[in-house]
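Me: I would like to learn how to read a structure of this kind feature by feature. Could we look at it together, taking the general idea before each case?

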Amino acid sequence: MTTFPVSENAEWVSVLSYTTALTAPFAIQAALKLNVFEILNRHGQLSAQQIIDLLPRPCTNPHAPALLDRLLHHLSSKSPTFPCPLLTASLSPTSSVILYSLLPPSQYFLKDANGVSVGECVSQQVLHFLDTFRHLDAVILDGGDGFQKEFGHHISHHIAEHTPKLVAAMASMTAVLMPQLLDAYDGFADVGTLVDVGGCTGYTLIHILDKYPDLKGINFDQPQIVTSGAIHPRLTHVGGNMLEAIPQADAVFMMRILHDWEDDDCITILKNCKTALGNKHGKVVVVDFYIPDLMDGYVPMHNFDILMMSSHGSKMRTAAEYRIMGRQAGYTDVKIVCIVNEYSVMEFLL
Ligand SMILES: C[S@@+](CC[C@H](N)C(=O)[O-])C[C@H]1O[C@@H](n2cnc3c(N)ncnc32)[C@H](O)[C@@H]1O
């Protein structure tokens with residue numbers, strides 16, 4: 001075997017990987033559109049040619065197997081910008097063909113009962129968020145948000161306009177999170193009526209109602225969203241604006257909402273949550289991404305913070321920042337009860 005002298009500058013190699021970092025979400029999106037995960041799940045180990053033969057859409061490119069091989073190779077490799085391989089590749093024992101099969105993380109890219117997967121979030125980001133990133137420098141210097149600058153409206157409006165796929169993507173993520181969250185947090189056991197603020201079509205409340213048979217749920221979201229609300233015997237839907245008023249309940253639940261809003265809006269929403277409890281000794285339970293107090297070192301959700309800055313003009317917050325915000329909104333304290341898969345479950349105490 002010939003050996004070559006290898007001269008590498010580790011910093012340069014790392015920086016080089018940033019120049020192509022954009023490939024990861026696009027490669028995943030293409031694999032989803034080509035049904036790669038579903039086909040491998042159904043048929044087990046397959047070559048690129050076998051996957052193409054199983055596609056419902058006719059293939060007119062004679063080079064398709066070679067091209068798909070390269071895509072699948074990417075999904076099977078670990079790199080600085082693709083740290084979690086989704087497939088495994090091995091040489092066929094009888095030929096020089098490469099066979100691919102699913103690795104455990106691929107389960108999140110398989111369609112659920114509603115025909116979507118967590119992978120849909122990747123597609124939705126590519127589809128809706130990509131263009132907003134071009135405004136990141138202007139967001140920093142001039143304020144505002146990338147959605148407004150790119151599309152001329154706030155992200156809330158965008159969600160309402162593109163409901164089905166975005167809702168499906170969020171519901172799919174919720175289906176993964178909620179069973180674990182409800183195992184870790186039992187704070188709804190003594191609640192009569194729970195309002196989910198920004199609850200979208202009510203998919204989160206259904207998980208909670210299914211666990212607590214005496215609980216009644218109010219799903220509160222934008223009027224255009226609740227018209228296609230989920231159906232459950234103990235669930236009612238109310239349309240409105242959380243910046244104005246929130247329906248009365250014994251407890252308020254709010255998941256993945258506050259990171260969408262800037263501080264002043266969050267304080268308004270939190271004040272409205274408090275008002276919704278009336279004079280009762282209720283509770284406000286907030287679930288949002290966990291960011292450690294020290295903003296250095298490896299923090300998985302830093303990516304999300306930049307996404308929020310660019311698209312919403314908002315931010316991810318540390319526990320200390322939530323505590324300050326809670327006090328400004330009239331709460332005595334904010335307690336992190338538990339952390340589940342990078343989400344913290346916080347109680348805003350009256
Ligand atoms: C990021 S989604 C979170 C949905 C859900 N809580 C979850 O965790 O999957 C934000 C939700 O807030 C809703 N929303 C945005 N602005 C709103 C407003 N002013 N009043 C009520 N709901 C609003 C959106 O329609 C959307 O369903």
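Reply: Let us begin with a single residue, keeping in mind that this is a predicted model. Leaving out residues up to four places away in sequence, Phe151 touches His128, Thr132, Gly146 and His158, and Phe151 itself lies in helix α8, which covers residues 146-151.

Me: Is Phe151 buried, exposed or partly exposed?

Reply: The general idea is that nonpolar side chains in soluble globular proteins tend to be buried together. In this case Phe151 has a relative accessible area of 30%, so it counts as partly exposed, since buried would need a value under 20%.

Me: How far apart in space are Phe151 and Pro56?

Reply: Their C-alpha atoms are 35 Å apart, with a separation of 95 residues along the sequence.

Me: Pro56 makes me wonder about the annotated segment; which domain does UniProt list for residues 18-78?

Reply: An unreviewed UniProt entry lists residues 18-78 as "domain: O-methyltransferase dimerisation". In the model, this stretch is 66% helix and 0% strand, and its end C-alpha atoms are 14 Å apart.

Me: Which residues have the most contacts inside the largest nonpolar core?

Reply: As a general tendency, nonpolar side chains in soluble globular proteins are buried together. Here the largest nonpolar core has 41 residues, and those with the most contacts inside it are Phe188, Leu194, Ile208, Leu215, Phe253, Val287 and Val345. Helices and strands both contribute, for at least two core residues come from each of α9, α10, α11, β6, β7, α14, β8 and β9. The largest share, seven residues, is supplied by α10. To follow one member, Ile208 is in contact with Met178, Leu182, Phe188, Leu194, Leu215 and Phe253, once neighbours within four places in sequence are set aside. There is also a second, separate core of 28 residues, whose members include Ile218, Cys266, Leu270 and Phe348.

Me: Which residues of helix α13 are buried, and against what do they pack?

Reply: The buried residues of α13 are Cys266, Ile267, Ile269, Leu270, Asn272, Cys273 and Ala276, and they pack against β6, β7, α15 and β9. The helix, residues 263-276, reaches 20 Å from its first C-alpha to its last, close to the 20 Å expected at 1.5 Å a residue for its 14 residues. Just after α13, Gly278 takes a positive phi of about 60 degrees.

Me: Which residues other than glycine have a positive phi?

Reply: Most residues other than glycine have a negative phi. Two cases to examine here are Cys200, with phi near 60 degrees, and Asn341, with phi of about 50 degrees. Cys200 sits in the loop between β3 and α11, and it counts as buried because its relative accessibility is 4%. Asn341, by contrast, is in the loop between β8 and β9 and counts as partly exposed, because its relative accessibility is 43%.

Me: How many residues surround the ligand, and which are closest?

Reply: There are 17 residues around the ligand, and the closest are Gly198, Tyr203, Asp221, Asn241 and Met255. For polar contacts, one looks at the atoms involved: a backbone N or O atom of Gly198 lies 2.8 Å from a ligand nitrogen, whereas an N or O atom in the side chain of Asp221 is 2.6 Å from a ligand oxygen. Gln222 likewise places a polar side-chain atom 2.8 Å from an oxygen atom of the ligand.

Conventions. Residues numbered from 1 in each chain as written. Predicted model: local features only at pLDDT ≥ 70, side-chain atom pairs only at ≥ 80, totals over all residues. Heavy atoms only, no water. UniProt positions renumbered as here; feature names shortened; annotations may be inferred. Helix = DSSP H or I, 4+ residues; strand = E, 2+ residues; numbered from the N terminus. Core = buried A, V, L, I, M, F, W, Y, C linked by side-chain atoms within 4.5 Å. Buried < 20%, exposed > 50% of the residue type's maximum accessible area, 1.4 Å probe, protein only. Contact = heavy atoms within 4.5 Å. Expected span 1.5 Å × (residues − 1). Near = heavy atom within 4 Å. Polar contact = N/O pair within 3.5 Å; in protein donor to acceptor, adjacent residues only side chain to side chain.
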